[in-house]
Structure formats: C-alpha cells, structure tokens
Amino acid sequence: KNSVKAMEKELVTCSLQGKEKAALKRSQIFQILGGKDLETKVIVVLGKAGMGKSILVQKICQDWSNGEFSQFEFVFWFDCKQISLPEKQYSLKDLLLEFFVKPQEGSKEIFEYILQNPTKVLLVFDGFEGLHDHENFPRCSARQPEKDLCSIKELLSGLIQKKILNGCTLLLTARPKDKVYQYVSKVDKTIEIVGFSPQQRELYITKYFEGLPYCDNALKLIKECEYLFSHCYSPVMCRFVCCLCETVLEMGDKSLPSTLTTVFLKFAQQKIISMQTDVTAMQNQDSLATLARIAWYLGEKHQSAMKSDDLPSKEVKEFALKYGFFLPFAFPRHSDGGEEEFGSTFSDFVIQNFLGALHLMLAEEIKDKSLTKYLSFPSKKKKPYNWLDLVPRFLAGLLFLQDDPYFCSLSNKDVKQSTKKQKTLLKYIRRLPINELCLERLLELLHCIYETQSNYLLQHVALRLKPDLSFLGVVLTPPDVHVLHCILKRSRKEFSLDLQNSSIDMQGLKDLVGLKNVASFRASLSDTVRLWKSLEQAKDYELLRTSTEKFVLDPFKAKTMKDVSDLSDLVEMQEKMINCVQDASGSSSYEIPAIKNLRKLEFALGPVCGLQGFLKLVEILAAFPSLQHLDLDALSENGLGDEGAKTLSEVFPTLRSLETLNLSQNKITDVGAEKLATALPSLSSLKTLSLYNNSICDFGAENLAKVLPAMGSLRVLDVQYNKITGVGAQQLTDSLRKCPHIKNLVMWNPTIPYGVLEHLQQLDSRISV
C-alpha cells in the first residue's frame, strides 16, 4: 500500500513539473513511442467531470467506423457506470460479443480471431471510476478468463495485468483525482482534457444560438455574468448555461442568475413547477425529494446509475425520465438468455450533485449540527476524496436561499429548520482557521462562500487570508480564479501570489495581476511573457508596466529547454519594452525588475540537453546584473564538459555580482580548467567556487594555483573528487600561502596519498581533508 501511495504521489509530482500545454489531435492519441508491440498498451485520458471525455471516446469510435485508426480491426466501447450494474459474472466472450454487439452469425470464429490477434483490438472503458470504489479493485483469479465467468471488475483487472488478451490497447477515461494509477501498474500515455479556452467558449455559445433572433444578445448576456461565463470552460456547464439563457431570453428576462445554485434552482423550478396544479406540484415535490435522496446515497457509493427496478415507485421513475433528470439504458442479455433488464443513470453529474445537496437540505433526519461534516474544508490529509465534489458549494448556496421563491416552490419543508442550518454554517465558518487551510481546501471554501453571496462571509474570509498565497502545482480553473479575484479585492491586505504550475489562463492571470492589492506574483515565464505581449499589442502600457514591476523571478531554476527558451524570451521582452515603456524620469532605458533583481539561477537540464541548453543560457547571462549565485550542478549531471566551461569563461567579465559559482559534476577536464583559470580573476566578487567531482588532473590544478593570488574576493575553493595527485595538491598548497583571503580549500582526492594530504593540512589548517 505504501509503495502504491508513493508511486501515485511521484506520478503527480512529475506531471506537474514536466507538463507542458500542447494541442493533441485525435489521430495522435494512439501514437506511443517505445514499448513492446506484443504487450498490452494502456492509455489514460484524464479530465474533470463534464470535460467531454465521453464525447471524445464516442468520436474515436465514429472516426474508426469512418476508416480512421486502421490499426484496429475491432473497437469495443463500454460505459463503466452501466456495465458495473448489476454485478453479474461474464466471460470475455460475453463482454465483447454480448455486452457490446451481438454478431448475427460466426460468434465463435470471430472470438477465436480476436484471441489470436489482440494487437488489432481497442477496448475503451469510459468512466473508470464507475468500476471501483475507493477501497479495492479485485484481482483476476480465473484460470481461463477468456472462457470462465468473472465479474466485470475482474475481467478489466485481467486485461490490465495482461493475463487476458495481452497485446490489445486499453483506453481508460477517469477524473484527475481518481486513483487510476493505483490499479494500473504501467501507463504508456496520459492525456488530460482541460476544457474550453475563452475563445472556444464564445464559439460554442455562438453556435448554440446560431440562427436564433437573440443570438448576439445571448453571448452578451452570458459574458456579462462573468462567474457563469467562467464556468463555461466546462463543456457540460456551457451547455447548461446556454439552455438556461435560452429560457430566460424567451421569457423576456434581461439577466441571468449570479451563482451556480440559483442557476440550478431556476433550472429545476422551470422543469417541474410551471403550468401545473397544486396537486401535481405537491406530487412533484415529493418525487424530487425522493430523487434527491437517491442522488445522495448513490453518490456516497461512487455511483450514478441503478437498476430501474430498484426505484421506489413508478411515479418517481416517470418523473425522473419526463423532466430529464434520468436517462434510461438497457443491460445486455446474458449469453444464456433471460429477460432484458433496464437501468437509469443521472443525465448529468452536476444534476446529481445539486440533488445530493438538496437532499441534505430537505432530509429531516439530517440535523443542523451534522451538516458541517459534508463540507470539505477541514485540512485532514487522509480525508477521502468526495466523489460528489460540487455538493458543498450547492449546499452552502441553498442554506442562504431558504426564502428564495424558487427554493420554496421545490419544498414544502419548514423554513425555520433551514434557518437553523444556515446559522450552523455561519458559526462553523467563523470558527474555521482559514489561514491554516491547505490551498485546495481554501479554494473550496471560497467557492462555497461565493455561492452564499453573503457580504458578511465574503468580507470575513477576505480579512483572514494570509498575505502569501502559493498555488504552486494547484490547478486553477477559470471559476477558481473568479472567486479568488472576488475575495482578494475585498481585502485591505497586500498579497503575494505564487501561480507557478497552476495552469491559469491568460485572462485569469491578467485579472489577478491587475488587482491593486496584489503587490507581487510568480507565474510560469511563458504565461507571463504571453500576457505582456498581449498587453503590448493592446497598448495597455499602464497594466504592462504595473505587472512587470510586480513580477518575481528570483530564484529561478531551469529544468527544461523550454525554461531556458522562456528566460530568453523574457530578456527579449525587455528590449521591446524600452520602446514602449519609459521610467518616471523619462529615460529611454527600462529594466524589468525581475531581470534586474535575479540573484540565484539554478540549471538542471541533465545530460541529454545540458550542454545545448547551457550554450543558449550563456547568451543571456549578461542581462542579469545582480546575479550572485550560479548553480550548474544537477543530481542527474548536466555534462557541460570543457566546451561549456570555455563558453562560460568568455562571459565572466560581465558577471560582476557573481559570488557563488557551482560547476560540480560536469565532466570538466584540464582543458576546461585551463580556460576557466585564465578568466576567473575577472569575477571580481566571487567568494565560492566549486569544481567538485570533475576530471581535473595536475595540469588543471597547476593553472588554478597560478590564478588564486589574483582572486582577491575568493573565500572557498572546492576541488575534491577530481584526479589531482600529490603534485597538484602541493602546487595548490604553495599558492595558498600567497592567499591570506582564502578561508577553506577542500581538495580530498582519491588519487592523493592520505599521508601527503595529512602533511599538507598540517602545513596549512585551511585545507580540508
């Protein structure tokens, strides 16, 4: 278990550090570099609920049927939330040729062909989280799983373990927080769907209303409600908002609801209340309450589907289907015959979340004091991931809407009970240690507070935020940015934001950086430079200037070629800004503070791209006048070699502020050491020089010894773990006598006899053994 947890954590960390945004065509999904042709390949498509994973896999099936993906002769698509119900046993043949499609003839021959040609088979399991709970996933124990009966979970486990149909391609879709890596030992490719860009949102809305008389008004209306427009980054939410906007415009209204809770209240109310008698309305209220209870209890089991026979009454079933809360589906008949069974699934994950929250509000058995346990604010590391992740937001919103006419029309419950629950939430939030919450919990709290639209709570949270907010590695969606912006601007404090690896979009970055009380920020270099270029094109010089003054770069660590390229773009941006931004004195020169104030630069590209990236980095080193610490040592070794040492030595005269230079573990020989030694005296501020674990011999040591007296600022020299013998060690010791300014010379080398080194240390105590 511990090893699995460590693996999962490591995978997440790597993906955050190495992930670069890149558009991927559908035709590229199955292109996998390396790997054995005859082994099962596993591709995982991640995406939050509603991002379009199901649409993607359906489109893949459609493309295949039109002649694309010709490497596959068979494609089987399974909706996991449906095939996991009811829990029956099937053979692989049942799964493929009964569950998915039943050939009219030749089933046996087709199945034999599939077994003999697994590389020509693509199996798609859509909604992987629907096949397991958060506790376990059974191993396949069948001796002949192709023919023996197993549960669906065991069959999938056998496919993943390569016990069944080894050589096929598995495409799994799952939510990012789903424990997919715990059940799949090796993933060959991971793809993440990130949703619509602002331009794609506008395009979708325009297409939705295309040809309607109020097409232009619809886009304007949605964009004016910035919070709802931010939610349109999710395709499912975008469709919901468009649907609601259509109704609003048809009724002649001129505004949209301001929160998600009010959107879904209005959605539910319009579906079941209007144009009905009092009796029908009462029946619908009862049916809705029953449906809400089902939504909650299914969600607790990480499910969204059930057998239709398990619904409590015919009235509830008809109600759910009539108003679009449920969608029906048919279970396949077993190969041994039997009656056909039907199931029902919630038409949408957001609807199930909303109804789950509604249940917590309406259920009499849930007392006001126990409500807080359904909110996910406490910063408990081992708290299980809440599958109904939108419930806390809807619940908070509903608690502050008990007098809303829409809410009253959905419920005949006592309003006083709702008021008690609201007071419980207020009391709970007042006692919450807001500045101690981890960032993900804090974001959840901000969303919940926003849904209440309570000025008191919004102000309460704004005043208790800590001034340094780091979202490093926490994905910030457009709605996250909107609520964060809303709360921050209410505070009197000044804030410092770290937005690195947060996947924040450019509009969100612009909004946060533009806040007057955001004093400084860190963000990815590429995003920041892109923002500045857009501000320059828009001639928004005021915000351009302000944002450059707030941007913090120090310390900077280059880990990829892209990091070096982005740093070059930043330096290039400074050249452009000279032409459009002038300082207060009217001078024609301008320095971006982040460039001017960079003091520590680490370089860790590793052996493959190390030298190539470093040669590019050297070209811009002179642009950083305050650079004090240049660390060129990496655990994986950069391998700069003599060429890197030579190129670096040529720019030494420009590094006037450099105090620490770490060239450890870079395969530098005497050739590189000679080049360095010639130029080292020009580093007038250098205090520490490390050449640890290189390949420097006596000739290199001799050259270093010659220049030590000329390096007046040097205090520490580290040449240990090289190939220096007693001869080179003696030369360095002789030179050390002329250098009273040097405090420590570290020069243990396996090639220096211990007695010699001990003798030299007795001569000069500044030598470290």
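At what angle do helix 29 (residues 670-679) and helix 30 (residues 698-707) pack, and how far apart are their axes? The two helices pack at an angle of about 10 degrees, and their axes are 8 Å apart. The model described here is a predicted one.

## Helices 29 and 30

Two packed helices are described by the angle between their axes and the distance between the axes. With its angle of about 10 degrees, the pair made by helix 29 and helix 30 falls under the 35 degrees that serve as the limit for this class, and helix 29 is therefore roughly parallel to helix 30.

On the side of helix 29, the contact is made by Asp 670, Ala 673, Glu 674 and Ala 677, while helix 30 brings Asp 698, Phe 699, Gly 700, Asn 703, Leu 704 and Val 707 to it. Sorted by class, the residues of this contact are 5 nonpolar, 2 polar and 3 charged.

## Helices 28 and 29

Helix 29 also packs with helix 28, again described by an angle of about 10 degrees and by axes 8 Å apart, which makes helix 28 roughly parallel to helix 29. From helix 28 the contact takes in Asp 642, Ala 645, Lys 646 and Ser 649, and from helix 29 it takes in Val 671, Gly 672, Lys 675, Leu 676 and Ala 679. The residues in the contact of helix 28 with helix 29 are 4 nonpolar, 2 polar and 3 charged.

## Helices 27 and 28

Helix 28 (residues 641-650) has a further partner in helix 27 (residues 606-618), for the axes of these two helices come within 10 Å and cross at roughly 5 degrees. Helix 27 and helix 28 are therefore roughly parallel to each other. Leu 611, Phe 614, Leu 615 and Val 618 of helix 27 make this contact with Glu 643, Gly 644, Thr 647 and Leu 648 of helix 28, and by class the contact holds 5 nonpolar, 2 polar and 1 charged residues.

## An antiparallel sheet

Strands of a sheet pair through backbone hydrogen bonds, either parallel or antiparallel. One open sheet of this model has 3 strands in the order 8-10-9, and the pairing is antiparallel. Strand 8 (305-307) and strand 9 (326-330) stand at the edges with a single partner strand each, so one side of each is left without a neighbour in the sheet. On average, and with direction ignored, neighbouring strands here are turned by 30 degrees against each other.

Strand 8 is joined to strand 10 (residues 342-346) by 3 bridges, and the two run antiparallel. Within this pairing, Met 306 has Ser 344 of strand 10 as its bridge partner.

## A parallel sheet

Another open sheet is formed by 3 strands in the order 11-12-13, and in this one the pairing is parallel. Its edge strands are strand 11 (468-470) and strand 13 (518-522), each of which pairs on one side only. Neighbouring strands of this sheet are turned by 15 degrees against each other on average, direction ignored.

Strand 11 pairs with strand 12 (residues 495-498) over 3 bridges in the parallel sense, and the bridge partner of Asp 468 in strand 12 is Ser 496.

## Enclosed space

Rolling a probe the size of a water molecule over the atoms shows where empty space is left. The structure holds 3 cavities of 30 Å³ or more, and in the largest cavity there is about 60 Å³ of space. The lining of the largest cavity is made up of Thr 40, Val 42, Ile 160, Lys 162, Val 184, Ser 185, Lys 186 and Asp 188, and by class these residues divide into 3 nonpolar, 2 polar and 3 charged.

## Backbone details in two loops

Most residues other than glycine have a negative phi, and most peptide bonds are trans. Leu 165, although it is not a glycine, has a positive phi of about 50 degrees, and this residue lies in the loop between helix 6 (152-160) and strand 6 (169-174).

The bond that joins Asp 554 and Pro 555 is a cis peptide bond, with omega about -5 degrees. Pro 555 is found in the loop between helix 24 (541-550) and strand 14 (556-558).

Methods: Residues numbered from 1 in each chain as written. Predicted model: local features only at pLDDT ≥ 70, side-chain atom pairs only at ≥ 80, totals over all residues. Heavy atoms only, no water. Axes fitted to C-alpha atoms, helices over the stretch in contact; angles between N-to-C directions. Helix = DSSP H or I, 4+ residues; strand = E, 2+ residues; numbered from the N terminus. Parallel < 35°, antiparallel > 145°, perpendicular 65-115°, else oblique. Contact = heavy atoms within 4.5 Å. Nonpolar A, V, L, I, M, F, W, Y, C, P; charged D, E, K, R; others polar. Pairing = 2+ DSSP bridges. 1 Å grid on protein atoms, 1.4 Å probe; cavity = no way out; pocket = protein on both sides within 12 Å on 5 of 7 lines; lining within 4 Å. Points joined across faces, edges and corners; volume = space filled by probe spheres on them.
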